[in-house]
Amino acid sequence: MGLHAIELPRRILVGSGVISEFTGFLEALGLSGRVLIVSGSHVRGSIGSRIVNVLAKSHGIPIWVEVEAATLDEVERVQRTAAREEVAAVVGIGGGKSVDVAKVAAYNTGLPLISVPTSASHDGIASPMASIKGMDRPYSMICHAPLGILADIDVIANAPVRLLASGCGDLLAKITAVRDWQLAWEDKNEYYGEYAASLALLSARFVMRRAEEIGRREIDGVRGVVEALISAGVAAGIAGSSRPCSGGEHLFSHALSLITPGVGLHGEKCGLGAIMVSKIQGDEWKGISDSLRKVNAPTMAKQIGLTEEQVAKALVMAPSVRPERYTILHKVSLDYDSALRLARETSVV
Ligand SMILES: [Zn+2]
């Protein structure tokens with residue numbers, strides 16, 4: 001068994017209004033001086049002035065880089081600014097893309113990363129992985145876990161409902177991901193970490209148990225989803241890979257992104273994938289589908305504008321997206337007709 005380092009965040013602050021604590025949060029991490037903030041223009045418009053006001057007295061006016069996509073070009077732009085301005089840390093504020101760009105830029109420049117999620121849409125909040133377009137692959141790369149995470153529940157609760165539902169899809173996907181990891185251990189003697197697997201599963205079980213409360217967007221439910229997403233990211237950190245969080249359902253989602261870019265959110269596609277992959281693995285697919293419905297996530301492809309042809313194609317293509325990441329989809333290698341049958345049997349199409 002190879003060795004791997006465990007990457008974990010050092011300080012996490014979750015709660016209502018914690019953005020006001022930004023200064024003390026940075027100080028507790030030993031960070032003084034200006035920070036470089038990476039966000040989209042929308043996030044800057046909604047909470048930018050508040051953050052600048054909080055930081056200005058203690059850490060100076062932050063340097064703000066607006067990014068529109070998680071691409072290598074944007075990463076390089078952030079890195080150039082970081083090199084020019086001498087900053088204490090890179091802060092990624094947003095739903096996913098901005099945190100991913102900040103994560104990779106921080107990794108490449110050796111600067112600490114602070115993650116400030118504005119929605120609970122996927123598990124990249126705390127994980128050491130980032131997805132960047134323009135690299136040789138559609139799945140995530142390993143970099144460092146954020147040094148700190150500041151998750152303001154008030155901000156996250158005000159994000160569009162679709163984002164929270166997507167985060168739940170990404171969490172329910174841990175059920176199929178962990179089974180695929182077990183399969184890789186059984187069939188391919190791959191390293192399997194029971195602790196990391198249990199932790200990832202715990203986050204999925206939380207969503208199943210509290211689906212109705214989350215669907216009503218009760219504040220405790222929202223907070224629970226944020227904590228579950230952080231905890232899933234920590235599971236990946238403990239495993240040293242995305243294995244506990246990402247199996248065949250993620251490969252299905254990545255395949256869809258190649259077939260029809262920009263349609264559906266990551267967690268929405270992973271949720272649909274989890275329903276179908278789970279049907280091949282055993283009998284839990286109905287529970288996954290029910291939970292997705294309760295949290296207002298799609299259970300049918302057409303809800304997010306996907307056709308049955310695209311779904312079937314993506315199921316067939318999924319194993320080739322990542323040949324070395326062995327999953328049940330590699331084992332059964334579906335053809336188009338059997339993929340379509342699976343999608344129909346699970347009412348995904
Ligand atoms: Zn994911």
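A residue counts as buried here if 20 or more other C-beta atoms lie within 10 Å of its own, as exposed if there are 12 or fewer, and as partly exposed in between, with the C-beta atoms placed from the backbone. All the views below come from a predicted model, in which local features need pLDDT of at least 70, side-chain atom pairs count only at pLDDT 80 or more, and totals for chains, interfaces and linings use all residues. Residue numbers start from 1 along each chain as its sequence is written.

**View 1. Two asparagines with positive phi, Asn296 and Asn189.**
Most residues other than glycine have a negative phi. Asn296 isn't a glycine, yet its phi is positive, about 70°. You'll find Asn296 in the loop between α12 (285-294) and α13 (308-321); helices are DSSP runs of H or I with at least four residues, strands are runs of E with at least two, and both are numbered from the N terminus. Asn296 counts as partly exposed because it has 17 C-beta neighbours inside 10 Å. Asn189 also has a positive phi, near 55°, and sits in the loop between α6 (161-188) and α7 (194-209). With 9 C-beta neighbours inside 10 Å, Asn189 counts as exposed.

**View 2. The open sheet and its strand order.**
Go across this six-stranded open sheet and you meet β1-β8-β5-β4-β2-β3, paired in parallel. At the edges are β1 (11-15) and β3, each pairing on one side only; two strands pair if DSSP finds at least two bridges between them. On average, neighbouring strands are turned by 15° against each other, direction ignored. Helix α4 packs on the sheet and touches β2, β4 and β5, and its direction makes about 165° with that of β4. For these angles, axes are lines fitted to C-alpha atoms (for helices, over the stretch in contact), and values run from 0 to 180 degrees between N-to-C directions. Zoom in on β5 (residues 113-117) and β8 (residues 148-152), and you have a parallel pair with two bridges. Here Ser115 stands opposite Ile149 in β8.

**View 3. Strand β2, a mostly covered strand.**
Five of the five residues of β2 are buried. In a regular strand the side chains alternate between the two faces of the sheet. In β2, Val35, Ile37 and Ser39 point one way, while Leu36 and Val38 point the other way, and all are buried. β2 runs parallel to β4, with four bridges joining them, and Val35 stands opposite Ala89 in β4. β2 is also parallel to β3, again through four bridges. Look for Val65 in β3, the bridge partner of Val38.

**View 4. Helix α3 and its buried face.**
The 14 residues of α3 (residues 72-85) should span 20 Å at 1.5 Å a residue, and the end C-alpha atoms are indeed 20 Å apart. The expected span is 1.5 Å times one less than the number of residues in the helix. Which residues of α3 are buried? They are Glu74, Val75, Val78, Gln79 and Ala82. Seen down the axis of α3, these buried residues fall within an arc of 140°, so they line one face of the helix; the arc is that of the directions from the helix axis to the C-beta atoms. An α-helix has 3.6 residues a turn, so residues three or four places apart point the same way. Ala83 and Arg84, on the other side of α3, are exposed. The buried residues pack against β2 (35-39), β3 (63-66), β4 (89-94) and α4 (97-109), where contact means that two residues have C-beta atoms, placed from the backbone, within 7 Å. Just after α3, Glu86 takes a positive phi of about 55°.

**View 5. Where domain 1 touches domain 2.**
The domain assignment gives domain 1 (11-157) and domain 2 (161-345), with bounds from an automatic or database assignment. Taken over C-alpha atoms, their centres are 26 Å apart. The contact takes 23 residues from domain 1 and 29 residues from domain 2. On the domain 1 side, the elements giving two or more residues are β1, β8 and α5 (153-157). The largest share of that side, three residues, comes from α5.

**View 6. Ala255 in helix α10.**
Ala255 belongs to α10 (residues 248-259). Ala255 counts as buried because it has 26 C-beta neighbours inside 10 Å. Leaving out residues up to four places away in sequence, Ala255 touches Ala314, Met317, Ala318 and Val321. Lys269 is 14 residues from Ala255 along the chain, and their C-alpha atoms are separated by 10.0 Å.
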